[in-house]
Amino acid sequence: MLKARKVGVQLGGVQILQSVDFAVNEGELIGVLGPSGSGKSTLLLALSGFRPANEGTVTFDGKNLYESFDEVKAQIGFVPQDDIVPSALTVERVLGYAAELRLRDVDVEERGRRVDRTIAKLGLGERRTVRVSKLSGGQRKRVNVGVELLNDPRILFADEPTSGLDPALERSLTETFRKMADGGSSVVVTTHIMTSLELYDRLAVIVKGRLAYFGPPDGAKPYFDVDDFTKIYARLDSHPAVDWHNRFQKSEHARHVR
Ligand code: ADP
Ligand code: MG
């Protein structure tokens, strides 16, 4: 569905991403991992079309994403790292207003149904009349995700949605993304937390703007020669980023992005 080839991004004269390949199929949950500052947010913006790359190509259903962005953007959801919903409003009002703004062509009853469905999908039923400011971090993140789900995007990007959540909330939000993917939407999530990784179909590991790995979670440990996901970052430091890039390109896992 979405394919990126040799994506490069320069910002302020600095090369932030270089020659990154990526692929997302229908119904896949993909995790983008990497140390802080490695380029995860930059990659998400480039893949979603919200801030186009300077180099390489991104295609969506075979068409150039950046050229056809106006046509396809309704099918793409993007949840930024920082929460943007107004916290003084209740859950149902936030989603109701968002539905009014985003679903202008949809009649009032159908908008209401979409809000109800989104609230149910995110397990916020008991919190619908509570102000966003009174919610837990995990619930607040769910509301931010919900705004992007109102128009049933085919692909949802979320930047560090589980950052700052305790382990139980992190797990439960990742399980929600897993269910969304099982329901047919594709979900691409950045994270620097090395837990719940077995819930993902594929992991991408970014180091200093380079793709060090893209493939199944159970392939990552042997690939990096570690017995525990948490040791991957230390391994990344043991070689220059370009070496990881070259190693990946030669590995059997490279077929996952071709
Ligand atoms: P991550 O999300 O993995 O923490 P980012 O994509 O935010 O990484 O940033 C990658 C690198 O690009 C960092 O070194 C950051 O300082 C730099 N960077 C991010 N945004 C800009 C910008 N607008 N101008 C210049 N450098 C930037
Ligand atoms: Mg980031």
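In the hairpin formed by strand 1 and strand 2, two residues lie between the strands, and G12 takes a positive phi near 55°. This hairpin belongs to a predicted model, in which four strands form one open sheet and six strands form another open sheet. Helix 1 touches strands of the six-stranded sheet, lies across three strands of the four-stranded one, and also gives three residues to the shell around ligand 1.

**The four-stranded sheet**

- The strands of this open sheet follow the order 2-1-4-5, and their pairing is antiparallel.
- Strand 2 (14-24) and strand 5 (63-64) are found at the edges, where each has a single partner strand, so one side of each is left without a neighbour in the sheet.
- Strand 1 and strand 2, the two strands of the hairpin, pair in the antiparallel sense over seven bridges.
- On its other pairing, strand 1 (residues 2-11) is joined by five bridges to strand 4 (residues 55-60), and these two strands also run antiparallel.
- K3 shows how strand 1 is held in both pairings, since its bridge partner in strand 2 is A23, while its bridge partner in strand 4 is T59.
- R5 likewise has a bridge partner in strand 4, namely T57.

**The six-stranded sheet**

- Here the strands are arranged in the order 6-7-8-3-9-10, again as an open sheet, but the pairing is mixed.
- The edges are taken by strand 6 (76-79) and strand 10 (210-215), and because each of them has a single partner strand, one side of each is left without a neighbour in the sheet.
- On average, and with direction ignored, neighbouring strands of this sheet are turned by 15° against each other.
- Strand 6 pairs with strand 7 (residues 155-159) in the parallel sense, over four bridges, and in this pairing F78 has F157 of strand 7 as its bridge partner.
- As a general point, strands of a sheet pair through backbone hydrogen bonds, and they may do so in either the parallel or the antiparallel sense.

**Helices against the sheets**

- Helix 1 (residues 40-48) packs on the six-stranded sheet, where it touches strand 3 (29-33), strand 6, strand 7, strand 8 (186-191) and strand 9 (202-207), and its direction makes about 160° with that of strand 7.
- Helix 1 also lies across strand 1, strand 2 and strand 4 of the four-stranded sheet, where it runs at about 55° to strand 2.
- Helix 5 (residues 137-149) lies across strand 6 and strand 7, and it runs at about 160° to strand 6.

**The surroundings of ligand 1**

- The residues that surround ligand 1 are L11, I16, P35, S36, G37, S38, G39, K40, S41 and T42, and they divide into three nonpolar, six polar and one charged.
- Helix 1 supplies the largest share of this shell, with three residues.
- Oxygen atoms of ligand 1 lie 3.0 Å from a backbone N or O atom of G39, 2.8 Å from a polar side-chain atom of S41, and 2.5 Å from an N or O atom in the side chain of T42.
- Of the 560 Å² of accessible area that ligand 1 has on its own, the protein covers 56%.

Methods: Residues numbered from 1 in each chain as written. Chains lettered and ligands numbered in written order. Predicted model: local features only at pLDDT ≥ 70, side-chain atom pairs only at ≥ 80, totals over all residues. Heavy atoms only, no water. Pairing = 2+ DSSP bridges. Axes fitted to C-alpha atoms, helices over the stretch in contact; angles between N-to-C directions. Contact = heavy atoms within 4.5 Å. Near = heavy atom within 4 Å. Polar contact = N/O pair within 3.5 Å; in protein donor to acceptor, adjacent residues only side chain to side chain. Areas by Shrake-Rupley, 256 points an atom, 1.4 Å probe, with all protein chains shown as cover. Nonpolar A, V, L, I, M, F, W, Y, C, P; charged D, E, K, R; others polar.
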